[in-house]
Amino acid sequence: MIAGRGAMACSTAMEDPGELLAAERKVLERLGHLPLDFRAMAAVSNLFRASVAVRRRMEAEVLASDRLSWTAFVVLWVLWVWGEIESRDLAAAVGISRPTATGVVTTLESRRLARRRRGTSDRRLVLVSLTPAGRRTIERLFPRFNQEEAAVTAHLTPAQQEALAALLRSVVRALERPQREPLGEGS
């Protein structure tokens, strides 16, 4: 089955190679004879390429002037939206490891944008929140960030933007299912 799907994707892509990115053409040139699922490969590869391109653009166009990385910005955004949060929950919300979250929060703390405090009922818990300076920073940056989000997706119609968001949401939900549930069922 995979061979058939791969061959079909390969032949469809070869009919209109102008639609493909250079990297996709190279993959088909090198691997097109293999029984691979080229549709799945293209979907995941382009998801990665798009996320890297968006991240680079946001860091260059919006975050560089404040010397913020993408991850530091996301930490500020999560703290702004969710309020004070336990450090392990912050790491999970941002999609980073706890040690990475500790490093990012340390940097934000040194810049007086975030603060940590111990839990009152359980001193082992570390709670993270924005400082007033951190709140002002994210409130100033986010409208510019959102303008850049609009610019990045301006070539899509509103319906295409909604469809893209729905498709990506579906991928996220499928990956968040418990391991015992097969990914292919009910997607």
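In this predicted model, L47, L164, L168, V171 and L175 together make a nonpolar surface patch of about 410 Å². The element that gives the most to this patch is helix 8, spanning residues 158-176, with 4 residues. L47, by contrast, has its place in helix 3, which covers residues 38-63. The relative accessibility of L47 is 37%, so this leucine counts as partly exposed. That value also satisfies the requirement for patch members, because they must have over 30% relative accessible area.

**The nonpolar core**

In the interior, the largest nonpolar core has 25 residues. Those with the most contacts inside this core are L68, F73, V75, L79, L90 and L108. Two or more residues each come from helix 3, helix 4, helix 5 (87-94), helix 6, strand 3 (126-130) and helix 7. Helix 4 gives the most to the core, with 7 residues.

The surroundings of L108 can be described in detail. With neighbours within four places in sequence left aside, L108 is in contact with L68, A72, V75, L76, L113 and A114. Of these partners, L68 and V75 are also named among the core residues with the most contacts.

**Aromatic pairs**

The model holds 7 aromatic pairs. Two of them are set out below, and each is tilted.

| Pair | Centre to centre | Angle between planes |
|---|---|---|
| W70 and F145 | 5.8 Å | 50 degrees |
| W77 and F142 | 6.5 Å | 35 degrees |

Both pairs connect helix 4 to helix 7. W70 lies in helix 4 and F145 in helix 7, and this pair links parts of the chain that are 75 residues apart. W77 in helix 4 and F142 in helix 7 likewise join distant parts of the chain, with their positions 65 residues apart. For W70 and F145, the angle of 50 degrees makes the pair tilted because only planes under 30 degrees apart count as stacked and those over 60 as edge-to-face.

The partners in the pair of W70 and F145 are covered to unlike extents. W70 has a relative accessibility of 22% and therefore counts as partly exposed. F145 has a relative accessible area of 4%, which means that this phenylalanine is buried. In the other pair, W77 is partly exposed because its relative accessible area is 30%. Ring pairs also extend beyond these two examples: W70, F73, W77, W80, W82, F142 and F145 are linked into a cluster. F73 in this cluster is also one of the core residues with the most contacts.

**Polar residues of helix 7**

Helix 7 also holds two polar residues with little accessible area, E148 and T137. E148 is found in this helix, which runs over residues 132-152. The relative accessible area of E148 is 14%, so the glutamate is buried. Apart from neighbours within four places in sequence, E148 is in contact with R57, M58, E61 and V62.

T137 likewise has its place in helix 7. At 11% relative accessibility, T137 counts as buried because the limit for that class is under 20%. Beyond neighbours within four places in sequence, the threonine is in contact with D66, L68, L76 and L113. Three of these names, L68, L76 and L113, recur among the contacts of L108.

**Loop residues**

Two arginines in loops share an uncommon label in this account. R67 has a positive phi of about 55 degrees, although R67 is not a glycine. The residue is found in the loop between helix 3 and helix 4 (70-82). With a relative accessibility of 63%, R67 counts as exposed. R112 is also a non-glycine residue with a positive phi, in this case about 60 degrees. This arginine lies in the loop between helix 6 (98-110) and strand 2 (114-118). R112 counts as exposed, with 63% relative accessibility.

L20 offers a contrast in burial. This leucine is placed in the loop between helix 1 (2-15) and helix 2 (22-31). Its relative accessible area is 16%, so L20 is buried. The C-alpha atoms of L20 and A42 are separated by 9.4 Å, and the two residues are 22 residues apart along the chain.

Methods
Residues are numbered from 1 along each chain as its sequence is written. This is a predicted model: local features need pLDDT of at least 70, side-chain atom pairs count only at pLDDT 80 or more; totals for chains, interfaces and linings use all residues. Side-chain values use heavy atoms; hydrogens and water are left out. Patches are made of residues with over 30% relative accessible area and no salt bridge: like charges are joined within 9 Å, nonpolar side chains (Val, Leu, Ile, Met, Phe, Trp, Tyr) within 5 Å. Accessible areas come from the Shrake-Rupley method with a 1.4 Å probe; for residues, only the protein chains shown count as cover. A salt bridge is a side-chain nitrogen of Lys or Arg within 4 Å of a carboxyl oxygen of Asp or Glu. Buried means under 20% relative accessible area, exposed over 50%, partly exposed in between (1.4 Å probe, protein chains only). Contact means heavy atoms within 4.5 Å. A nonpolar core is a set of buried Ala, Val, Leu, Ile, Met, Phe, Trp, Tyr and Cys residues joined through side-chain atoms within 4.5 Å. Rings of Phe, Tyr and Trp (its six-membered ring) pair if their centres lie within 6.5 Å; planes under 30 degrees apart count as stacked, over 60 as edge-to-face and the rest as tilted.
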